[in-house]
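Please look at the structure below and follow the text through it, one part at a time.

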Amino acid sequence: MKAKGEEAEASFRAWLNQSGVAFLYVEQSPMNVPDRLRGRIKRPDYLVGIPHAGMMAFDVKAKSLYDEQMLFEVGEVDKLACFEAFFHMTVNFACLDLEDPDHFYWVPLRALIGCPIERRGKVRVFAFPASHALKVEMTERFLEAYGRFSLKSLGI
C-alpha cells in the first residue's frame with residue numbers, strides 16, 4: 001500500500017511540475033510536529049501556491065473505487081481537520097485510482113465532515129461518491145482545475 005501511495009504522490013508531483021505552479025512537499029517526519037500534537041494532527045503532502053489568492057493543501061491518496069465511492073478513514077480525516085483548523089488552510093484529497101491513472105479526483109476535506117460514518121470491517125470510514133468529486137485530467141493545468149473547483153464549490 002505504501003508503494004501505491006508513493007506512486008500517487010509522484011504522479012501528483014509530476015503534474016504540479018508540468019502545471020508550473022509553486023508547491024512545497026511537506027516532509028512527514030514525526031520530529032516536525034510539536035510534542036503536544038503528535039498523533040492528533042496529520043500534515044498534508046503538498047502545499048500549492050495560487051497566485052494572488054493564497055494556498056491550498058493536498059493529501060494525495062491512491063484510492064480504488066468501491067461501488068463508485070472512495071473510502072476515507074475517519075481518524076485520518078479528523079487529524080487533517082485538526083491541521084486545517086490550526087493553520088486556517090483548506091485541505092483537499094487528491095485521489096488517484098492506479099487502475100485508471102489519467103485523472104485525479106479532488107475531494108474537499110470539508111465535504112466529508114458530517115457525512116455518515118460506515119464500518120468496513122473494523123475500520124470506520126466516510127464513503128464519498130466519485131460523482132461528487134472534481135475529476136481533474138492529467139492533461140489539464142492546475143490553475144484550470146482550480147478554477148473549475150472554485151466554481152463547483154460555489155454551486156455554479
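This is a predicted model. A good place to start is a hairpin: β7 and β8 have two residues between them, and in this hairpin Gly121 takes a positive phi near 65°. The two strands, β7 with residues 117–120 and β8 with residues 123–129, pair in the antiparallel sense over four bridges. Within this pairing, Arg119 stands opposite Arg124 in β8.

Strands of a sheet pair through backbone hydrogen bonds, and the pairing can be parallel or antiparallel.

Next comes the partner of β8 in another pairing. Strands β4 and β8 are joined by five bridges, in the antiparallel sense. One residue pair can be found here: Gln69 has Pro129 in β8 as its bridge partner.

Together, the strands make an open sheet of three, in the order β4-β8-β7, with antiparallel pairing. Which strands stand at the edges of this sheet? They are β4 (69–73) and β7; each has a single partner strand, so one side of each is left without a neighbour in the sheet. On average, neighbouring strands of this sheet are turned by 50° against each other, direction ignored.

In a regular strand, side chains alternate between the two faces of the sheet.

The last stop is on the surface. Which residues form a negative surface patch? Glu99, Asp100, Asp102 and Glu137 do. To find one of them along the chain, look at the loop between β5 (91–96) and β6 (103–108), where Asp102 is placed.

Technical notes. Residues numbered from 1 in each chain as written. Predicted model: local features only at pLDDT ≥ 70, side-chain atom pairs only at ≥ 80, totals over all residues. Heavy atoms only, no water. Patch = residues over 30% accessible without salt bridge, like charges linked within 9 Å, V, L, I, M, F, W, Y side chains within 5 Å. Areas by Shrake-Rupley, 256 points an atom, 1.4 Å probe, with all protein chains shown as cover. Salt bridge = Lys/Arg side-chain N within 4 Å of Asp/Glu carboxyl O. Lys, Arg positive; Asp, Glu negative; His and termini not counted. Charge placed at Lys NZ, Arg CZ, Asp CG, Glu CD. Pairing = 2+ DSSP bridges. Axes fitted to C-alpha atoms, helices over the stretch in contact; angles between N-to-C directions.
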